[in-house]
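User: I am new to this structure and would like to see how each term applied to it is justified. Could we begin with the text below and work outward?

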Amino acid sequence: MITLKDILTRVDGELLTPGSPLDIPCSKIFASDLMSDVLTSAEPGSLLLTGLANPHVVCTCALADLAAVVFVQGKRPDAAVIEQARSRSLPLVATRLPMFEACSRLAALFGRRSDDR
Amino acid sequence: MTDRAVLRREFPVKGGDFAKAGVVACRIKDLLKELGLDVGTVRRAAIASYEAEMNIIMYAREGLVKLAVSPRRVRIMVDDKGPGIPDVDLAMTEGYSTATPEMRELGFGAGMGLPNIKKNADRFRIESGVGRGTHLEIIINANGHQP
């Protein structure tokens, strides 16, 4: 099982919501800057990778039962958005990696785990 | 088994108030969770009400979201004071959008809102006309289909 801790390590990420549990499962990945697509197509329990760092991202993910959010390319939401995420128990991660690199690393992680099975 | 509403709430939504976007949908989600509805039903109601709330914020002057929950279903009625939709069939087409660039920068306005409400509903009705605003009725059956 791939957890948020594995994701954090793989993308050299920083946890923006200290205290969030790192052992939550992240079995699916959805990458998009379009919240309309998240609402339409992301499965519950997915991890979202996005370059958008506004309050609507947190709201969308909380409503659609996503597991956590990774902000790519050094994007960071402001303190109010982070607090909003904490209140909805949504872990937030920031990475300096660009979207493609972050997705590539996670694809490799998921590929390796499925090879192990 | 009775199907009378066990909870009714009304939530006003102000057009253009992007800072408050999602407040109503989050409140609805919390209420449904507190009532003990299954996670799939709660999720579908949360997504449908968020899409409807965003549509009021993006396009109307104001609107009202009315929630009625019975043991068997969640009913969400939406009335807005907006410009109305000239061609409802076109508006229900995935990808058709009249969103401004500002709306798109926020991650919305991809022309998926109304189709996504319908996708998450077990019954969906829309009435709209130019100058008359838009009325939605969204029924989500408890333990109903998953989109």
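Analyst: In α3(A), the buried residues are A:Val57, A:Val58, A:Cys59, A:Thr60, A:Cys61, A:Ala62 and A:Leu63. The model is a predicted one, in which local features need pLDDT of at least 70 and side-chain atom pairs count only at pLDDT 80 or more, while totals for chains, interfaces and linings use all residues. Residues are numbered from 1 along each chain as its sequence is written, and chains are lettered from A and ligands numbered from 1 in the order in which they are written.

User: What makes α3(A) largely enclosed by the rest of the structure?

Analyst: A residue is buried if 20 or more other C-beta atoms, placed from the backbone, lie within 10 Å of its own (exposed if 12 or fewer, partly exposed in between). By that count 7 of the 9 residues of α3(A) are buried, so the helix is largely enclosed. The cover over these buried residues includes α2, β3 (46–50), β4 (68–71) and α4 (79–87) of chain A, together with α1 and α2 (39–59) of chain B. Just after α3(A), A:Asp65 takes a positive phi of about 60 degrees.

User: How many residues of chain A and chain B are in contact, and which elements of chain A give two or more residues to that side?

Analyst: Two residues are in contact if their C-beta atoms, placed from the backbone, lie within 7 Å, and 17 residues of chain A meet this condition with 17 residues of chain B. The elements giving two or more residues to the chain A side are α2 (35–41) and α3 (55–63), where helices (H or I, at least four residues) and strands (E, at least two) are DSSP runs numbered from the N terminus.

User: Why is chain A called as compact as a globular protein of its length?

Analyst: The pattern of chain A along the sequence is α-β-β-α-β-α-β-α-β-α. The radius of gyration is taken over C-alpha atoms, and the globule rule is 2.2 Å times the number of residues to the power 0.38. For 117 residues the rule gives 13 Å and the radius of gyration of chain A is 13 Å, close to that value, so the description holds. Of these 117 residues, 41% count as buried.

User: What makes β2(A), α2(A) and β3(A) a right-handed unit?

Analyst: A crossover is right-handed if, with the strands pointing away from the viewer, the path from the first strand over the helix to the second runs clockwise, and these three elements make a β-α-β unit of that hand. Two strands pair if DSSP finds at least two bridges between them; β2(A) and β3(A), which run parallel, are joined by 4, and A:Ala31 has A:Leu49 in β3(A) as its bridge partner. In β2 (28–31) of chain A, A:Ile29 and A:Ala31 point to one face and are buried, whereas A:Lys28 and A:Phe30 point to the other and are not.

User: Which strands stand at the edges of the open sheet in chain B, and why is one side of each left without a neighbour?

Analyst: The open sheet has 5 strands in the order β1-β2-β3-β5-β4 (chain B), with antiparallel pairing. At the edges stand β1 (7–14) and β4 (123–129) of chain B, each with a single partner strand, so one side of each has no neighbour in the sheet. From β1(B), 8 bridges lead to β2 (residues 62–69) of chain B, with B:Glu10 opposite B:Lys66. At β4(B), 7 bridges form the antiparallel pairing with β5 (residues 133–141) of chain B, and B:Arg125 has B:Glu137 as its bridge partner.
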